[in-house]
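Here are a few short exercises to work through with the model open beside you. Try each task before reading its solution.

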Amino acid sequence: MKVSVDPDRCQGHARCWDICPEVFDLDEQGHGTVTLPEVPARLEAKVSDAVANCPERAIVIG
Ligand code: F3S
């Protein structure tokens, strides 16, 4: 699984980072970033949870 955050959609809700800090971080503006774009299998469920919880649908899989 590959993951990224669409900077045009992200509004800084930070749920991604809250749910899966192993993969997501926040930049200095408080927008979501990805620190581990090639998601290991053991974290895929958490990343899917983050995708489902982003109110802006800014997290992109694949
Ligand atoms: Fe942005 Fe969604 Fe995370 S709005 S900070 S990608 S929860």
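**Exercise 1.** Which residues does leucine 26 touch, not counting residues up to four places away in sequence?

*Solution.* Before starting, note that this is a predicted model, where local features need pLDDT of at least 70, side-chain atom pairs count only at pLDDT 80 or more, and totals for chains, interfaces and linings use all residues. Residues are numbered from 1 along each chain as its sequence is written.

Step one: find leucine 26 in strand E2 (residues 24-26); strands here are DSSP runs of E with at least two residues, helices are runs of H or I with at least four, and both are numbered from the N terminus.
Step two: look for contacts, meaning pairs whose C-beta atoms, placed from the backbone, lie within 7 Å. Leucine 26 touches Ala14, Trp17, His31, Gly32 and Thr33.
Step three: check its surroundings. Leucine 26 counts as partly exposed because 16 other C-beta atoms lie within 10 Å; 20 or more would make a residue buried, and 12 or fewer exposed, with C-beta atoms placed from the backbone.

**Exercise 2.** Work out how the protein chain is laid out along its sequence.

*Solution.* Start by counting: there are two helices and four strands. Now read along the sequence, and you get β-α-β-β-α-β. Then look at the overall size: the C-alpha atoms fill a box of roughly 30 × 20 × 20 Å along the principal axes. Finally, see who meets whom: among contacts with a separation of 6 or more, 61% are between residues 24 or more positions apart.

**Exercise 3.** Is alanine 50 buried or exposed, and which residues is it in contact with?

*Solution.* First, locate alanine 50 in helix H2. Next, count: alanine 50 has 22 C-beta neighbours inside 10 Å, so it is buried. Then list its contacts, leaving aside neighbours within four places in sequence: Arg15, Cys16, Ile19, Cys20, Phe24 and Ile59. Take one of these, Cys20: its C-alpha atom is 7.0 Å from that of alanine 50, although the two are 30 residues apart along the chain.

Alanine 50 also belongs to the largest nonpolar core, a group of 12 residues that includes Val3, Val5, Cys16 and Ile59. Such a core is a set of buried Ala, Val, Leu, Ile, Met, Phe, Trp, Tyr and Cys residues joined through C-beta atoms within 7 Å. Strand E1 (3-5) and helix H2 (44-53) each give this core at least two residues.

**Exercise 4.** Compare the two loop residues alanine 14 and arginine 57.

*Solution.* Take alanine 14 to begin with: it sits in the loop between E1 and helix H1 (15-19). Its phi is near 65°, a positive value in a residue other than glycine. With 16 C-beta neighbours inside 10 Å, alanine 14 is partly exposed.

Now go to arginine 57, in the loop between H2 and strand E4 (59-61). Arginine 57 is not a glycine, yet its phi is positive too, at about 55°. Arginine 57 is exposed, as just 11 other C-beta atoms lie within 10 Å.

**Exercise 5.** How many residues surround the ligand, and which are the closest?

*Solution.* Count those whose C-beta atom, placed from the backbone, lies within 6 Å of the ligand. You should find 14, the closest being Cys10, Arg15, Cys16, Gly32 and Cys54. To finish, pick out Cys54: beyond its neighbours within four places in sequence, it is in contact with His13, Arg15, Cys16 and Ile59.

Technical notes: A residue is near a molecule or strand if its C-beta atom, placed from the backbone, lies within 6 Å of it. Two residues are in contact if their C-beta atoms, placed from the backbone, lie within 7 Å.
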